[in-house]
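Let's take a walk through a protein chain together. Have the sequence and the 3D view ready, and look up each residue as it comes along.

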Amino acid sequence: MLPTSCQRRVGAPFVPQLQTDLISMLPDNILSTILLLLPIKEAIRTSVLSSRWHDIWKLNPLNIDDSTRKFDNQQNFHEIRLKTLQAINRIASVHPGPIHSFRISQLREPAFHCEVDNLMETLSSKGVRELSLSFGYQGKLRYGLPSSLLQCQTLCKVSLSDCFFPPSPVVNSSFPNLRELTLEYVFLWDHLLNCLLESCAQLEVLQLIDCSGLQYVRLNCAKLQKLTIHERSPSCGGSGSHVKEMIIESAPELQSLRLGERTVHHTRILVQHVPKLEVLGFFPINGSMQIGNTFSNSYNQHQMSVNGSIGLPTVKKVALLADSMLSALFSFGNGSTCSLLSAMLRCFPCLETLYIKGSIEPTPHIGFWEQQAPFDFFGHHLKSVTVFQFLGMDAEVEFVKFFVQHGQVLERISLICLFEPTDKLVRKLRREWCLENRASIHLEVEFLHMTGFDPDSCEWAPLFHRPLHEPISDLMSLLPMV
């Protein structure tokens, strides 16, 4: 850019630039917003600019985030981390303003616990709204949360990892403003969880990720909108424990129910009152789950009967889960399982997105899907179908063809293959599906190899039992035309 003197209009008088701090002339609320957008280290430095900036910083709410910091020198990790905690503690203590959010991780050393206890008392006294603590023990519970945290009534969002609640009863806990609660690798027991939830009248989001100690979970949450329960396997870092029974008695605002693979396989699930449910997954095709009067199981025989006359018209997105790969491989495709799957899908008349994870028997009941009447959602609703771990077996090919021929508004069918799909196989399947006569002219069928599939594009990936791209060598002999 040209100097100011060169930009003046010819003949215009020269006016020297004003040496004025225009930023400091802004109103207090704008300066406060600027400081909120700065990292805490930079925000503190502004206090030396002038007395006005110093006063603004003192009154400004603090947002402390040390959760993403990386330590290149692991040898000095203990010393550096301890000094960091002490500095954060001093800043939080002397700052006269409130603390809106506090996030910190890598607190695994026992020597840090004293500083964390002091921080919890300071945060509670400063009215912290958002709190995230991750100790990094990889499932080993070593830090007991102080009782001062249970009395922090200003909390709106809490995320805790690798810790446990004090053994004393928590009936005096009070979280009247808490809207989001995430517990990962946290030791709980049934009575404690019930007491916590009773004190969270405004709770909207609840996530229980590999929490040990729970056996019988009973939920009554008037404002709960999203519920996630996921238990990892020990090989993936999980505790190996699982909930025996979960009952959702009343959740009138619940819109999303997300259950991990191990949860639906090992937990008997009863959902009684969810009139606004839109997202459901994983739903086990061979499992112990009941939603109102729609689905009922014979738990002793491990068979499910479905009353097709009773449906879930609010559900728009469903993820169905076949049993574990090896045990389901020779049962998914038979006549009784296909009948079950067909009856189950008829209970979702307004289904828009369908996701199926599992494989179908290589010798299925041929012709089953050709004899089925179209589902209600084919005409106006279903837009997307994803089959994960697609093998190209006859049962799978027939199932996909059924959707191609009847999905009138279907836009995409994604087949996530266990093998690299060859051009020859893709052409063969396209001919079998008669894509030129598909019900929806907008339909596209895509083949993706599992190793090239982006996990972030699959919202169900966090609920998988095993890593997304873990090879399954036992199935390689069953793959057609690899």
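What follows goes from the whole chain to salt bridges, backbone oddities, one histidine and one annotated stretch.

**The whole chain**

Keep in mind that this is a predicted model. The chain has 482 residues, and 46% of them count as buried. It is built with 12 helices and 20 strands. If you take the contacts between residues at least 6 apart in sequence, 69% of them join residues at least 24 apart. As for the outside, the chain exposes about 23,400 Å², and carbon and sulfur atoms supply 52% of that area.

**Salt bridges**

How many salt bridges are there in the count? The count comes to 12 salt bridges. Here are three of them, with the gap between the closest N and O atoms.

| Residue one | Residue two | Closest N and O atoms |
|---|---|---|
| Lys-157 | Glu-180 | 3.9 Å |
| Glu-261 | Lys-357 | 3.3 Å |
| Lys-428 | Glu-432 | 2.5 Å |

Start with the top row, where Lys-157 and Glu-180 form a salt bridge. Lys-157 sits in strand β4 (residues 157–164) and Glu-180 in strand β5 (residues 180–187), so this pair ties together parts that are 23 residues apart in sequence. Lys-157 is partly exposed, with a relative accessible area of 36%. Glu-180 is partly exposed too, at 32%.

Now for the middle row, which pairs Glu-261 with Lys-357. This pair links distant parts of the chain: Glu-261 belongs to helix α8 (residues 261–266), Lys-357 to strand β17 (residues 353–357), and they are 96 residues apart. Are these two charged partners buried or exposed? Glu-261 counts as buried because its relative accessibility is 6%, which is under 20%. Lys-357 is buried as well, with a relative accessible area of 5%.

The bottom row stays inside one helix. Lys-428 and Glu-432 are 4 residues apart in helix α12 (residues 423–433), so about one helical turn separates them. Both ends of this salt bridge are partly exposed: Lys-428 has a relative accessible area of 31%, and Glu-432 has 32%.

Salt bridges can also join up into a network. Arg-258, Lys-317 and Glu-459 are linked that way here.

**Backbone oddities**

Next, turn off the side chains and follow the backbone for a bit. Which two residues are joined by a cis peptide bond? Gly-281 and Phe-282 are, with an omega of about -15 degrees. Phe-282 is part of strand β12 (residues 279–284).

Then there is phi. Tyr-185 has a positive phi of about 55 degrees, even though it is not a glycine. You'll find Tyr-185 in strand β5, the strand that also holds Glu-180 from the top row of the table. Tyr-185 counts as buried, at 13% relative accessibility.

Gln-389 is another residue other than glycine with a positive phi, this one near 70 degrees. Its place is in strand β18 (residues 384–390). Gln-389 is buried, with a relative accessible area of 3%.

**A histidine and its neighbours**

Zoom in on His-449, which lies in strand β20 (residues 444–449). What does its side chain make polar contacts with? One partner is the side chain of Glu-420, at 2.9 Å. Another is the side chain of Thr-451, also at 2.9 Å. Leaving aside the neighbours within four places in sequence, His-449 is in contact with Cys-417, Leu-418, Phe-419, Glu-420 and Pro-421. So Glu-420 turns up in both lists, as a polar partner and as a contact.

**An annotated stretch**

Last stop: a label from a database. An unreviewed UniProt entry gives residues 380–414 the annotation "domain: FBD". In the model, the chain over residues 380–414 is 37% helix and 29% strand. The C-alpha atoms at the two ends of this stretch are 20 Å apart. Strand β18, where Gln-389 has its place, covers residues 384–390, so you can look for that residue while you have this stretch on screen.

Definitions and conventions: Residues numbered from 1 in each chain as written. Predicted model: local features only at pLDDT ≥ 70, side-chain atom pairs only at ≥ 80, totals over all residues. Heavy atoms only, no water. UniProt positions renumbered as here; feature names shortened; annotations may be inferred. Salt bridge = Lys/Arg side-chain N within 4 Å of Asp/Glu carboxyl O. Buried < 20%, exposed > 50% of the residue type's maximum accessible area, 1.4 Å probe, protein only. Contact = heavy atoms within 4.5 Å. Areas by Shrake-Rupley, 256 points an atom, 1.4 Å probe, with all protein chains shown as cover. Polar contact = N/O pair within 3.5 Å; in protein donor to acceptor, adjacent residues only side chain to side chain.
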